[in-house]
Protein chains: 4
Amino acid sequence: MNLYTIDCVLQYKINASTNMLFQIQAAPHPEQSILNEHLEFHPSVTWHEFSDATHQNRHLRFNLEPCDVFKVHYTATVQKQACIDPSQFKELEIANLPDEVLPYLLASRYCDSEKLVGMATRTFEDMPKGYARIKAIEQWIYMQIQYESGSSDENTLASDVLIQRAGVCRDFAHLGIAICRALGIPARMVVGYAHIENFAPDFHAIFEVYLDGGWVLFDATRLANPNALIRIATGIDASDVAFATYYGDIELIEMQPKIFKAEQSAA
Amino acid sequence: MNLYTIDCVLQYKINASTNMLFQIQAAPHPEQSILNEHLEFHPSVTWHEFSDATHQNRHLRFNLEPCDVFKVHYTATVQKQACIDPSQFKELEIANLPDEVLPYLLASRYCDSEKLVGMATRTFEDMPKGYARIKAIEQWIYMQIQYESGSSDENTLASDVLIQRAGVCRDFAHLGIAICRALGIPARMVVGYAHIENFAPDFHAIFEVYLDGGWVLFDATRLANPNALIRIATGIDASDVAFATYYGDIELIEMQPKIFKAEQSAA
Amino acid sequence: MNLYTIDCVLQYKINASTNMLFQIQAAPHPEQSILNEHLEFHPSVTWHEFSDATHQNRHLRFNLEPCDVFKVHYTATVQKQACIDPSQFKELEIANLPDEVLPYLLASRYCDSEKLVGMATRTFEDMPKGYARIKAIEQWIYMQIQYESGSSDENTLASDVLIQRAGVCRDFAHLGIAICRALGIPARMVVGYAHIENFAPDFHAIFEVYLDGGWVLFDATRLANPNALIRIATGIDASDVAFATYYGDIELIEMQPKIFKAEQSAA
Amino acid sequence: MNLYTIDCVLQYKINASTNMLFQIQAAPHPEQSILNEHLEFHPSVTWHEFSDATHQNRHLRFNLEPCDVFKVHYTATVQKQACIDPSQFKELEIANLPDEVLPYLLASRYCDSEKLVGMATRTFEDMPKGYARIKAIEQWIYMQIQYESGSSDENTLASDVLIQRAGVCRDFAHLGIAICRALGIPARMVVGYAHIENFAPDFHAIFEVYLDGGWVLFDATRLANPNALIRIATGIDASDVAFATYYGDIELIEMQPKIFKAEQSAA
């Protein structure tokens with residue numbers, strides 16, 4: 001059994017009335033079962049949860065009044081299912097793609113795939129299509145781009161990552177997505193909880209590619225094992241999956257989105 | 001009664017096998033009733049229709065083999081309902097917006113609202129909030145931007161329209177959307193059939209803004225009366241609402257998306 | 001007699017060894033005579049002056065070692081000549097331009113005139129050519145762009161100014177230059193000392209256009225009278241005319257580039 | 001003796017009156033002596049030659065009236081001097097650079113070095129400074145960027161080359177220049193005649209870096225031996241060194257800028 005315990009603490013200073021949105025809860029998804037979860041706010045707030053029509057991401061929403069410390073505490077126990085081995089998955093002709101994956105072919109705010117068509121074609125066109133080609137894209141990004149905190153910001157596009165040759169996990173994912181789309185392969189972003197050695201706890205972003213067999217996760221940073229990621233949200237790009245979106249005036253004080261592999265109970 | 005007849009002909013040369021998507025049918029929408037509609041393809045194709053989860057836009061999809069002339073013919077009779085007078089509608093605080101309109105606050109591929117915050121704030125912040133302010137935005141765009149065929153292309157962003165100070169209907173709409181979002185007002189794109197004097201028949205794009213009272217249409221080109229537009233599709237920006245998307249090799253030969261105000265039957 | 005007194009104080013904190021370049025001295029130029037000038041550095045430095053081949057701008061250069069306060073004090077008395085009335089100056093066909101003004105037709109780092117061809121042509125092509133047209137450009141910029149400190153930075157291009165619709169004097173000048181070049185009219189940047197009511201003392205940047213009669217100054221900010229500006233430097237754009245360029249680590253503490261109209265001596 | 005014969009033919013169709021500028025003649029330069037040269041225009045034109053103050057490039061200028069074929073024929077015999085072996089040249093601290101090379105540290109229209117500081121620093125900062133580091137930059141570009149005709153245009157910046165990972169010789173040179181400037185090393189563009197195996201005759205662009213010992217040529221395309229290039233022009237970037245600049249309406253029909261290593265006469 002693959003059991004994971006999530007223990008996520010977020011603390012903010014609230015300077016002015018703020019409308020707040022969070023995506024921090026484990027997602028409903030065939031590959032993971034939420035065995036239990038618990039959500040606490042201090043001071044308490046009147047919150048509600050809603051999900052969006054396209055990705056069924058879970059959004060928490062509430063208003064905050066000014067206070068020195070506002071704390072969110074989310075805990076959950078999640079069981080991961082073994083996923084199918086994708087290594088023999090083929091790429092699909094666009095004509096054979098299911099209707100609902102077509103939007104993941106289009107350029108989006110952060111994944112300016114239209115600018116990368118020449119580069120992607122020159123670099124990857126001659127490779128045999130299929131899972132191994134996506135692995136080659138993942139590897140190419142890993143070799144070309146340096147992981148560096150602070151090297152990018154919330155306006156960094158996939159093409160910018162190629163200029164600066166550095167980024168954080170979301171930038172690696174955006175570049176992977178943009179290259180795939182430039183080649184006519186549906187791709188999208190996934191964020192979740194992942195344990196990464198030697199890094200402070202943080203949400204992790206990776207990318208997911210649609211092959212003949214279904215969506216397959218890839219991590220061009222090579223920091224985490226995609227099979228051990230507890231999915232929070234799925235989206236066209238980072239626009240859809242921010243863990244926090246706010247309209248007001250707040251400051252992040254602490255972010256501790258921890259995940260542990262649970263002890264296996266002796267049977 | 002406000003009855004409209006749509007008669008839309010599209011003709012293409014198909015150079016190679018192509019997977020084709022159309023959004024040309026009248027949308028299901030409270031303000032319009034489709035009394036009848038008819039769709040013809042020549043040569044005939046095996047098509048299917050699907051709708052997306054977020055906007056319920058109607059997508060036609062099929063494969064095409066090479067041929068000299070492929071013709072689509074869509075006809076429909078649509079009745080428009082009188083819409084409520086929005087002139088007293090207020091703007092809503094973000095905290096009071098319904099959950100489902102929040103995505104329309106975010107920057108998107110074509111509406112780079114994050115770049116327009118300074119300009120939008122300086123220009124429109126001091127005006128009284130509400131319908132009249134959106135009308136002022138619409139008017140400002142109309143005065144600043146010149147309508148000029150061929151002045152933009154499929155990669156033109158809202159910020160580019162401010163540089164070149166010219167565009168076509170989708171550019172006017174993108175700019176309107178981006179300014180609204182920069183001000184914290186939900187806005188999105190609507191395309192449809194509209195009769196425009198002295199213009200060759202074409203699909204028309206305008207923008208829609210969420211106020212206290214619902215979504216309200218605006219047309220910064222002032223070419224069409226929004227109340228006489230038959231809606232085809234609604235989207236975050238032009239990414240969602242292209243009338244044709246194709247993967248293959250085709251050439252547009254003829255585009256005649258005509259709309260007529262139907263004769264009122266004597267009663 | 002038009003006599004001006006310049007009294008310019010600059011103070012820096014020097015954090016690490018720095019190679020420093022200044023352009024703060026009045027330029028040799030037919031329209032102004034330097035009656036006297038004096039330059040003081042505290043602590044003293046070994047400096048030299050050189051001029052560049054194209055614009056004969058005066059560059060001061062020296063090394064600085066760390067210190068809490070490094071002070072530059074430049075004083076001068078400069079007499080301005082009356083300039084010819086340019087109001088009847090015509091524009092020249094490019095074929096009739098002198099060889100040495102041709103570089104001022106080209107796009108440059110800050111004046112991305114190639115992006116503004118469509119806008120400039122649409123907006124100004126139908127106006128009668130000559131001085132009055134440049135005045136119309138100056139006026140158009142004045143009406144369209146808001147003067148706002150802090151609205152731009154050292155990477156702001158002319159096209160960015162059209163997006164944000166705000167800038168400081170160098171942005172107004174860049175936009176004027178870029179529009180002129182987009183129309184095939186040589187234009188360049190001039191910086192100098194100018195007295196501006198209600199503003200803290202600062203260097204001022206304006207633009208200069210080549211007409212049939214010579215170079216003519218324009219100020220799209222309308223803050224200063226070009227005829228009362230004491231020229232420091234002339235350049236393709238801001239790249240050439242920075243008052244301070246440094247390679248090291250310094251902080252500006254005080255900037256007081258003052259100019260006074262000298263008392264006329266009774267004769 | 002290193003003797004080269006240049007035989008350059010350019011043919012244009014002239015559609016409308018055009019003011020024409022050429023930079024096609026061998027440059028005056030310590031490393032090359034022009035033994036003889038000849039210039040022919042058909043139909044004949046009244047031309048003059050001028051040189052710019054900064055680079056002493058030779059500019060031909062004249063007017064053209066409409067004609068079906070306008071032909072320029074330039075021939076020259078040029079002797080190259082052996083250049084000093086630069087392999088032990090060091091990089092200079094900026095404080096020790098001569099005044100006249102300082103402009104080659106600044107970002108310019110095509111060399112947007114300010115965007116490349118992060119990348120350049122991360123990639124090359126830890127290498128020992130000097131000739132070998134510039135060779136490493138040259139090699140890195142050669143490995144990263146694909147030479148591909150048509151992959152770029154006259155608006156392609158150094159940062160665009162990093163996005164598209166392809167370019168032609170001027171793009172390779174712009175990238176080399178931009179990386180050097182981002183590291184605080186003066187760099188500029190040189191164009192000239194070079195024989196390149198398996199390529200149609202064309203002008204060649206490479207870059208030149210200032211080290212302790214003087215300017216040294218580098219060719220990141222590795223197509224030509226810099227020591228066998230006959231220099232035509234030197235500049236900040238491609239803005240300064242276009243072989244043809246025109247104001248009017250012309251079409252290039254033929255471009256044959258040939259260069260041959262001359263037979264050595266038996267003595």
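## A buried pair in chain A

Let's start with Glu91(A), which has a relative accessible area of 16% and so counts as buried, because the cut-off for buried is under 20%. Keep in mind as you look around that this is a predicted model.

What does the side chain of Glu91(A) meet in a salt bridge? The partner is Arg133(A), at 2.8 Å from N to O. Glu91(A) sits in the loop between strand S5 (67–80) and helix H1 (117–124) of chain A, while Arg133(A) belongs to helix H2, so this pair ties together parts that are 42 residues apart in sequence. Arg133(A) is buried as well, with a relative accessibility of 3%.

## The helix that holds Arg133(A)

Now have a look at helix H2 of chain A, which runs over residues 131–144. With its 14 residues, H2 spans 20 Å from first C-alpha to last, close to the 20 Å expected at 1.5 Å a residue.

Which residues of H2(A) are buried? Arg133(A) has plenty of company: the buried set also includes Tyr131(A), Ile134(A), Ile137(A), Trp140(A), Ile141(A) and Gln144(A). It helps to know that an α-helix has 3.6 residues a turn, so residues three or four places apart point the same way.

## Chain B has this pair too

Hop over to chain B and you'll find a salt bridge between Glu91(B) and Arg133(B), whose closest N and O atoms are 2.8 Å apart. Here Glu91(B) lies in the loop between strand S5 (67–80) and helix H1 (117–124) of chain B, and Arg133(B) in helix H2 (residues 131–144) of chain B, so that distant parts of the chain, 42 residues apart, are linked. Are these two residues buried or exposed? Both Glu91(B) and Arg133(B) are buried.

## How chains A and B fit together

Chain B can be laid on chain A by a rotation of 180° with 0.0 Å of shift along the axis, and the RMSD is then 0.0 Å. The two copies are thus related as by a two-fold rotation axis. In chain B, the residue whose C-alpha comes closest to that axis is Arg109(B), at 2.0 Å. Both copies use the same surface, since 100% of the contact residues of chain B turn up again in chain A.

Between them, 24 residues of chain B touch 24 residues of chain A. About 1,900 Å² is buried there, with carbon and sulfur atoms giving 56% of the area. There are 4 salt bridges between chain B and chain A. One to look for joins the side chains of Asp99(B) and Arg61(A), at 2.8 Å from N to O. On the side of chain B that touches chain A, the elements giving two or more residues are strands S1 (2–22), S3 (48–51) and S4 (58–64).

## Over to chains C and D

How many residues of chain C are in contact with chain D? The count is 24, and they meet 24 residues of chain D. This interface has 4 salt bridges, and one of them pairs Arg61(C) with Asp99(D) at 2.8 Å, N to O. You can also look for polar contacts here: 9 residue pairs make them across the interface of chain C and chain D.

Inside chain D, the side chains of Arg58(D) and Glu37(D) form a salt bridge at 2.6 Å from N to O. Strand S4 (residues 58–64) holds Arg58(D) and strand S2 (residues 32–42) holds Glu37(D), with their positions 21 residues apart in the chain. Arg58(D) is buried at 11% relative accessibility, whereas Glu37(D) is partly exposed at 32%.

Definitions and conventions:
Residues numbered from 1 in each chain as written. Chains lettered and ligands numbered in written order. Predicted model: local features only at pLDDT ≥ 70, side-chain atom pairs only at ≥ 80, totals over all residues. Heavy atoms only, no water. Least-squares fit on C-alpha atoms with pLDDT ≥ 70 in both. Contact = heavy atoms within 4.5 Å. Helix = DSSP H or I, 4+ residues; strand = E, 2+ residues; numbered from the N terminus. Expected span 1.5 Å × (residues − 1). Buried < 20%, exposed > 50% of the residue type's maximum accessible area, 1.4 Å probe, protein only. Polar contact = N/O pair within 3.5 Å; in protein donor to acceptor, adjacent residues only side chain to side chain. Buried area = accessible area lost by both parts, 1.4 Å probe.
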